[in-house]
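Thank you all for making the time this morning. I would like to walk you through one model, so please have the sequence and the picture open while I talk.

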Amino acid sequence: MTEREPWRYRCPEGHTNWQSRQSGIHHSEAPFYCMSCKDGDGLSPHFEKLTDAKTGKRVSGVQS
Ligand SMILES: [Zn+2]
């Protein structure tokens, strides 16, 4: 299984509905953006690190 597992990596709130901003867009905000946090109550949708649900560690990028 070398395929990327999108559900494995989560935002700090545990959502899987995040997007990477690392490619393409020039942005001064954090490299990840969570759609669920955006719709949440008072949550910041921008975050620096993903949480790996498998290991519980914080990671700065998704490795395939
Ligand atoms: Zn979130």
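Let me begin with a question: in which sense do S2 and strand S3 pair, and over how many bridges? The two strands, S2 and S3 at residues 32–34, run antiparallel to each other, and three bridges hold the pairing in the assignment. One of the residue pairs to look for is Ser-20, whose bridge partner in S3 is Phe-32.

Before going further I should say that this is a predicted model, so please keep the confidence values in mind. The average pLDDT of the protein is 83, and 75% of the residues score at least 70. Among the elements, strand S2, residues 18–20, has the lowest mean pLDDT, at 89, while helix H1, residues 35–39, has the highest, at 94.

Now the overall layout. The protein has one helix and six strands, and if you read from the N terminus the elements come in the order β-β-β-α-β-β-β.

The pair I opened with belongs to an open sheet of three strands, ordered S2-S3-S4 and paired antiparallel. Its edge strands are S2 and S4, the latter at 46–47, and each of them pairs on one side only.

There is also an open three-strand sheet with the order S1-S5-S6, again with antiparallel pairing. Here S1, at 9–10, and S6, at 58–59, stand at the edges, and because each has a single partner strand, one side of each is left without a neighbour in the sheet. Within this sheet, S1 pairs with S5, residues 50–52, in the antiparallel sense over two bridges, and Arg-10 stands opposite Thr-51 of S5.

Turning to the interior, 16% of the 64 residues count as buried. The largest nonpolar core has nine residues, namely Tyr-9, Cys-11, Trp-18, Phe-32, Tyr-33, Cys-34, Cys-37, Phe-47 and Leu-50, and S3 supplies the largest share of this core, with three residues. Phe-32, which we have already met as the bridge partner of Ser-20, is a good residue to select on your screens: leaving aside residues up to four places away in sequence, Phe-32 touches Cys-11, Trp-18, Ser-20, Arg-21, Phe-47 and Leu-50. For the protein as a whole, if we take the contacts between residues at least 6 apart in sequence, 29% of them join residues at least 24 apart.

Finally, I would like to visit three positions outside the strands and the helix, beginning with Thr-16, which sits in the loop between S1 and S2. Is Thr-16 buried or partly exposed? Thr-16 is partly exposed, because 16 other C-beta atoms lie within 10 Å, and its C-alpha is 8.2 Å from that of Ser-36, although the two are 20 residues apart in sequence.

Lys-57 is found in the loop between S5 and S6, and with 10 other C-beta atoms within 10 Å this lysine is exposed. Lys-57 and Tyr-9 are 48 residues apart in sequence, yet their C-alpha atoms are 9.8 Å apart in space.

The third position is Ser-60, in the segment after S6, which counts as exposed because it has 10 C-beta neighbours inside 10 Å. Ser-60 and Glu-48 are twelve residues apart along the chain, and 6.8 Å separates their C-alpha atoms.

That is where I will stop, and I am glad to take questions.

Key. Residues are numbered from 1 along each chain as its sequence is written. This is a predicted model: local features need pLDDT of at least 70, side-chain atom pairs count only at pLDDT 80 or more; totals for chains, interfaces and linings use all residues. Two strands pair if DSSP finds at least two bridges between them. Helices (H or I, at least four residues) and strands (E, at least two) are DSSP runs, numbered from the N terminus. A residue is buried if 20 or more other C-beta atoms lie within 10 Å of its own, exposed if 12 or fewer, and partly exposed in between; C-beta atoms are placed from the backbone. pLDDT is the predictor's confidence in each residue, from 0 to 100. Two residues are in contact if their C-beta atoms, placed from the backbone, lie within 7 Å. A nonpolar core is a set of buried Ala, Val, Leu, Ile, Met, Phe, Trp, Tyr and Cys residues joined through C-beta atoms within 7 Å.
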